[in-house]
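Here are some exercises to work through with the model open beside you. Try each task before you read the solution that follows.

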Amino acid sequence: MLSSHQLPAALLIARGQLSLDDVAKKVGVSARTLDGWKADPEFQAEVERILNRWAEHIEKNGIADKRRRLFRLNDRWRRGQAFIEQRAK
């Protein structure tokens, strides 16, 4: 089981926005400790789990959802048509 420092570190690493030194500072450990965690299969599995959950969420709710994309395209078209009609008056 991951510690209370490891869970936020796994989340920050999965996000990929900070350097490893910045992640270590943010969770209050040394870069060397973080390197050790990164070598731990349980820590690696948690980072992978976080990434997979984000991918699933994006697939279901993001641009990958064709229905949502079509709804947004139709909405933009309708607003454009309304704008054109207003300008024509």
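**Exercise 1. A residue of helix H4**

Keep in mind that this is a predicted model. Locate Glu46, decide whether it is buried or exposed, and list its contacts.

*Solution.* Start with the secondary structure: Glu46 belongs to helix H4, which covers residues 41–61. Next, take the relative accessible area, which is 15% for Glu46. The cut-off for buried is under 20%, so Glu46 is buried. Then turn to its side chain, which forms a polar contact of 2.6 Å with the side chain of Arg49. Finally, set aside the neighbours within four places in sequence: Glu46 is then in contact with Leu2, Leu7 and Ala10.

**Exercise 2. The aromatic pair**

Find the one aromatic pair in the structure, and work out how its rings are arranged.

*Solution.* A pair of aromatic rings is described by the distance of the centres and the angle of the planes. The structure has one such pair. Its rings are those of Trp37 and Phe43, with centres 6.1 Å apart and planes at 40 degrees. Planes under 30 degrees apart would count as stacked and over 60 as edge-to-face, so the pair of Trp37 and Phe43 is tilted. To complete the picture, check burial: Trp37 and Phe43 are both buried.

**Exercise 3. Helix H2 against helix H3**

Describe how H2 and H3 are placed relative to each other, and sort the residues of their contact by character.

*Solution.* Two packed helices are described by the angle between their axes and the distance between the axes. For helix H2 (residues 20–27) and helix H3 (residues 31–39), the axes come within 9 Å and cross at roughly 105 degrees. Angles of 65 to 115 degrees count as roughly perpendicular, and H2 and H3 are therefore roughly perpendicular to each other. Now list the contact: H2 contributes Leu20, Asp21, Val23, Ala24 and Val27, while H3 contributes Ala31, Leu34, Asp35, Trp37 and Lys38. Sorting the residues of this contact gives seven nonpolar, no polar and three charged.

**Exercise 4. Val27 in its surroundings**

Which residues does Val27 contact beyond its neighbours within four places in sequence, and is Val27 buried or exposed?

*Solution.* Val27 sits in helix H2. With neighbours within four places left aside, Val27 is in contact with His5, Pro8, Ala9, Leu12 and Trp37. Its relative accessibility is 9%, so Val27 counts as buried. You can also compare sequence and space: Val27 and Ser4 are 23 residues apart along the chain, and their C-alpha atoms are separated by 9.2 Å.

**Exercise 5. Gln6 and Ser3**

Find the atoms that bring Ser3 and Gln6 together, then classify the burial of Gln6 and of Ser3.

*Solution.* First place the two residues: Gln6 is in helix H1 (residues 6–15), and Ser3 is in the segment before H1. A polar atom of the Gln6 side chain lies 2.7 Å from the backbone nitrogen of Ser3. Gln6, at 10% relative accessibility, counts as buried, whereas Ser3, at 30% relative accessible area, is partly exposed. Lastly, not counting residues up to four places away in sequence, Gln6 touches Met1, Trp37, Asp40 and Phe43.

Key: Residues numbered from 1 in each chain as written. Predicted model: local features only at pLDDT ≥ 70, side-chain atom pairs only at ≥ 80, totals over all residues. Heavy atoms only, no water. Helix = DSSP H or I, 4+ residues; strand = E, 2+ residues; numbered from the N terminus. Buried < 20%, exposed > 50% of the residue type's maximum accessible area, 1.4 Å probe, protein only. Polar contact = N/O pair within 3.5 Å; in protein donor to acceptor, adjacent residues only side chain to side chain. Contact = heavy atoms within 4.5 Å. Phe/Tyr/Trp six-rings, centres within 6.5 Å; stacked < 30°, edge-to-face > 60°. Axes fitted to C-alpha atoms, helices over the stretch in contact; angles between N-to-C directions. Parallel < 35°, antiparallel > 145°, perpendicular 65-115°, else oblique. Nonpolar A, V, L, I, M, F, W, Y, C, P; charged D, E, K, R; others polar.
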